[in-house]
Amino acid sequence: MASFQLQINGENRAVNVDPNTPLLWVLRDHLSLKGTKYGCGIAQCGACTVHLNGTAVRSCSIPVSAIGNQPITTIEGLSENGDHSVQKAWVELDVAQCGYCQPGQMMSAAALLKANPNPTDEQIASSLNGNLCRCGTYLRIKQAVKKAATL
Amino acid sequence: MSRTESKLSRRNFLKSSALAGGGLMISFSWLVSCNSKREEALGLPEEWFELNGFLKIGDNGLVTIMAPNPEFGQNVTTSLPMIIGEELDVDWNKVIVEQAKFNTDVFTRQFAGGSQSVRQGWVNGLREAGAAAKYMLKEAAAKQWGVSASDITTKEGVLSHVASGNSAGYGEMASLAVGIEIPETLELKKPSELTLVGTARKNVRGKDIVTGKPMFGIDYEEEGMLIAMIIHPPAFGMRLKSFDATTAKQMSGIKEVFTITSFPNDEPRGYFSTDAFTETVVVVGNTTWEVMQAKKAVRVEWEQSPATQITTAGFGGTQQVTVPAGLENSTDHYRLMQQMAARPGRIERRDGNPEAAFKKAAKVIERTYTAPFLAHNAMEPMNFFARVTDDMVHLAGPLQAPEFAEQAVANRLGVPLEKVDIKMTRMGGGFGRRAYDHYVVEAALISRHMKAPVKLVYTREDDMTNGIYRPSYHATYRAALDENNNLIAFHAKAGGIPESPLHANRFPAGAVENYLAESWQIDSNITVGAFRAPRSNFIAGAEQSFLDEVAEAAGKDPIEFRLELLKRARENPVGDRNDYEADRYAGVLELVREKSNWDQPEEGVSRGVSAYFCHNSYVAHVLDVEMEGGEPRVKKVTCAVDCGIVINPLAAANMVEGAVVDGIGHSLYSYLTFNNGATEQNNFNRYRMIRHSEAPETIDVHFVKNDIAPTGLGEPPFPPVFAAVANALYKATGKRHYNQPYMVQQQISLG
């Protein structure tokens with residue numbers, strides 16, 4: 001067990017956990033931030049995507065001890081009132097079916113748009129290729145990313 | 001006006017109103033918290049008035065409608081309340097939707113499966129619930145105004161009496177409407193009178209989903225909750241011998257390690273109580289990560305199981321089943337299926353004289369199709385919460401069949417049904433997997449043992465290796481053409497491990513004079529079950545691929561060829577047990593032909609067509625593909641759907657889009673194989689699922705417009721995708737694909 005001071009969604013949060021604990025489980029089990037999802041545990045499905053220093057990462061595969069003072073943003077902190085351009089576009093285009101993978105999809109999309117405000121179809125596909133969706137919402141995700149780029 | 005008997009609904013409505021006393025309804029805060037922002041924005045009422053178990057009206061006109069069924073992405077949380085709201089004439093902008101608890105006193109068929117939620121809801125009480133409340137409001141207003149209720153009209157939450165100039169919002173009349181008796185029959189709207197149904201409405205949970213609200217089973221928590229995981233045998237055909245948890249028990253955060261038996265062999269099991277690994281080792285601790293680590297530290301010895309007798313309760317009554325012993329391999333599976341296919345099968349249907357017709361045929365075409373086992377891979381891994389006390393069994397989590405789960409838990413724990421309470425959380429997918437209840441029983445047994453609230457969580461590896469899979473299938477088709485290229489005989493022989501995918505009375509049965517359908521199956525200890533459009537998800541692909549090849553051999557356009565057969569089935573059907581309406585079947589083919597511009601394809605595009613009827617709806621797809629560096633790239637899919645009245649065109653199109661993407665992925669990439677009883681894939685690094693870059697560029701969905709009672713969409717658009725892909729690939733490459741998944745070069749069943 002060790003103590004860590006994490007900067008999450010603009011707040012300082014202290015946790016006392018095994019240093020090997022992946023960020024995903026720190027968020028979900030210790031900080032009750034349930035928006036970040038468990039899907040595979042091996043960085044293959046993207047359901048656990050969060051921003052670390054503004055970059056999209058798989059929180060299931062980053063031990064809490066590797067984070068240091070880098071700021072973390074989760075779906076809960078993507079915007080104050082759920083009005084990030086990606087969130088607005090997702091609602092506008094009725095993207096979700098079951099909705100389980102969507103926080104991860106949106107975190108990947110938000111990071112992409114920050115780095116590339118006007119991505120092509122191919123750039124969207126390659127940036128989000130690590131985010132699985134069994135419901136098959138890929139087309140609306142692509143449309144929503146393009147819509148978000150205009151908001 | 002159409003009229004409907006409302007006796008059943010009346011009983012249920014009265015019961016629920018009596019329970020709630022017509023006043024404030026007590027909600028369960030965890031699920032309702034998801035709505036708080038929207039409720040605040042709309043302005044909370046001072047008081048709620050429950051008019052029946054499906055809805056309550058606030059004194060400010062806000063209406064809460066219950067979503068009675070489990071939600072797993074089919075959007076019933078929006079569409080079922082729309083059906084209720086339609087008959088009530090609500091202002092949809094003033095509606096709050098609440099997920100109902102599992103409650104057989106009020107609701108019927110709280111089940112997600114078989115594409116039945118909308119279809120059964122339409123005829124089983126949802127419209128009556130809205131109509132009954134509207135009746136009560138009208139009666140209340142009539143009394144208040146001293147006018148006849150029949151002269152009062154309703155629109156978007158407002159009651160009006162034109163002659164007297166009176167009008168009032170529903171909120172003003174709600175308190176007076178409570179307790180008004182409803183008549184034996186209620187007037188329901190005609191299709192032409194529908195105003196809410198048929199309009200595009202966004203998912204009522206959209207905002208909660210995009211802000212990451214805790215709404216799924218895996219998000220559920222209660223004070224003092226522990227985390228549990230199970231360790232199951234590494235292979236089908238094996239069982240627990242012994243375990244040593246000395247090290248694991250000393251690890252940080254670990255409470256206990258013990259075994260449970262989900263279903264004892266000597267007790268009859270329910271219909272959805274399929275479970276290969278009934279005896280498992282359980283690790284319980286404080287947090288998920290700690291339990292995951294301790295799980296690895298438990299030393300377990302396994303042994304091969306002998307053949308086992310179990311009693312299952314199917315829809316056709318109880319039966320004795322022998323689960324065979326042995327560690328199975330995919331290579332053997334394929335060889336066994338070939339052997340079975342070569343023997344006479346069980347004849348399911350026979351029309352005319354197929355043997356004679358094949359003998360005199362000018363041309364005989366024979367082709368064999370196969371498909372592997374598949375894992376469901378719902379994105380939310382299996383999980384369930386249980387808090388078992390001396391008085392009650394509290395359960396919460398993602399499940400498709402709560403009525404079956406309640407029974408299974410009550411039986412296993414030896415408590416009466418009324419002592420089992422189930423909260424249905426949103427499901428992160430289900431696709432059939434969450435119809436089974438072993439994990440619900442496991443959670444309850446663990447909580448009882450721990451005397452504490454427990455959430456059981458499967459790792460992805462547990463989920464994929466302890467599956468209730470889509471079976472592996474095999475189908476051989478033969479067709480006989482005469483010298484004029486007329487289809488004179490058709491023979492389908494299909495089987496699988498451990499069930500046959502055959503539907504003997506489906507198209508082209510009824511359209512061919514001489515017809516033979518045979519089934520066979522091979523026993524296995526690998527557990528299988530419902531997977532999005534069971535059986536259809538394979539046989540549609542086989543049949544529609546074969547018909548494409550027969551059309552080509554007959555020198556006919558594949559759509560025209562099918563339409564000719566359907567014309568025969570309509571005008572002069574063979575036999576009287578044909579499970580489809582030829583007109584509606586032809587209707588989707590004609591619509592897809594028009595909308596895809598079938599007769600004038602774009603240059604350089606290869607297209608395939610496929611149509612299928614299952615789960616009460618008709619779907620046809622035209623799929624356009626291009627090859628890029630040896631890999632297929634699906635450009636566009638045009639879909640024509642006949643599901644009767646479309647409740648919510650936005651959500652309906654979403655369902656079709658999703659099923660098309662899912663179908664493309666499973667036809668091209670996905671498979672599960674076995675080596676000595678163990679799956680060779682246990683996570684997404686080895687099990688290939690379709691990804692963004694493999695999805696089509698465009699999916700264009702069209703609905704046949706008619707006034708037929710609505711049917712479902714969760715399953716019907718899925719099965720025909722497999723053949724649309726195969727037929728388009730053939731046009732693109734000249735190669736026919738017979739073995740799913742098509743992009744695995746070596747037939748995967750051969751290992």
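**Figure 1. Strands β15 and β16 of chain B pair in antiparallel fashion.** In this predicted model, 7 bridges join β15(B), residues 308-314, to β16(B), residues 317-323. The two strands form a hairpin, with 2 residues between them. Ala313(B) stands opposite Thr318(B), which belongs to β16(B). In a regular strand the side chains alternate between the two faces of the sheet.

**Figure 2. The second largest cavity is lined by 13 residues.** The structure holds 12 cavities of 30 Å³ or more. The second largest encloses about 110 Å³ of space. Nearest its centre lie Asn69(B), Thr108(B), Arg109(B), Gly121(B) and Leu126(B). Which helix gives the most to this lining? Helix α5 of chain B, residues 117-123, does, with 3 residues. By residue class, the lining has 5 nonpolar, 7 polar and 1 charged.

**Figure 3. Helix α2 of chain A has buried residues covered from both chains.** The helix spans residues 85-92. Its buried residues are Ser85(A), Val86(A), Gln87(A), Ala89(A) and Trp90(A). From chain A, the cover includes α3 (102-115) and α5 (138-150). From chain B, the cover includes α8 (206-210). Asp94(A) follows α2(A) and has a positive phi, near 50°.

**Figure 4. A salt bridge joins Asp462(B) and Lys295(B).** The N to O distance is 2.6 Å. Asp462(B) sits in helix α15 (residues 460-465) and Lys295(B) in helix α10 (residues 288-297), both of chain B, so the pair ties together parts that are 167 residues apart in sequence. Are these partners buried or exposed? Asp462(B) is buried, at 7% relative accessibility. Lys295(B) is buried too, with a relative accessible area of 15%. Over all chains, the count comes to 41 salt bridges. Side chains of opposite charge can pair when their charged atoms come close.

**Figure 5. Within helix α15 of chain B, Arg460(B) pairs with Asp463(B).** The closest N and O atoms of this salt bridge are 3.7 Å apart. The two residues are separated by about one helical turn, because they are 3 residues apart in the helix. Arg460(B) and Asp463(B) are both buried. An α-helix has 3.6 residues a turn, so residues three or four places apart point the same way.

**Figure 6. Lys567(B) and Glu571(B) form a salt bridge in helix α17 of chain B.** Their side chains meet at 3.6 Å, N to O. The helix covers residues 558-571. The partners are 4 residues apart, so about one helical turn separates them. Lys567(B) is partly exposed, at 43% relative accessibility. Glu571(B) is exposed, with a relative accessible area of 52%. Elsewhere, salt bridges that share partners join Arg367(B), Asp548(B), Glu549(B), Glu552(B) and Arg736(B) into one network.

**Figure 7. Gly604(B) lies in the loop between α18 and β26 of chain B.** The flanking elements are α18 (582-595) and β26 (606-614). Gly604(B) is exposed, at 61% relative accessibility. How many residues separate Gly604(B) from Asp624(B) in sequence? The separation is 20 residues. In space, the C-alpha to C-alpha distance is 9.8 Å.

**Figure 8. Cis peptide bonds precede Pro498(B) and Pro508(B).** The bond from Ile497(B) to Pro498(B) has omega near 0°. The bond joining Phe507(B) and Pro508(B) has omega of about 5°. Where does Pro498(B) lie? It is in the loop between β24 (487-497) and β25 (514-521) of chain B. Pro508(B) is also found in the loop between β24 and β25 of chain B.

**Figure 9. Asn377(B) and Asn676(B) have positive phi.** Neither Asn377(B) nor Asn676(B) is a glycine. For Asn377(B), phi is about 55°. Asn377(B) lies in the loop between β18 (363-371) and β19 (383-388) of chain B. At 0% relative accessibility, Asn377(B) is buried. For Asn676(B), phi is near 50°. Asn676(B) lies in the loop between β29 (674-675) and β30 (678-679) of chain B. Its relative accessible area is 44%, so Asn676(B) counts as partly exposed.

Terms used:
Residues numbered from 1 in each chain as written. Chains lettered and ligands numbered in written order. Predicted model: local features only at pLDDT ≥ 70, side-chain atom pairs only at ≥ 80, totals over all residues. Heavy atoms only, no water. Pairing = 2+ DSSP bridges. 1 Å grid on protein atoms, 1.4 Å probe; cavity = no way out; pocket = protein on both sides within 12 Å on 5 of 7 lines; lining within 4 Å. Points joined across faces, edges and corners; volume = space filled by probe spheres on them. Nonpolar A, V, L, I, M, F, W, Y, C, P; charged D, E, K, R; others polar. Buried < 20%, exposed > 50% of the residue type's maximum accessible area, 1.4 Å probe, protein only. Contact = heavy atoms within 4.5 Å. Salt bridge = Lys/Arg side-chain N within 4 Å of Asp/Glu carboxyl O.
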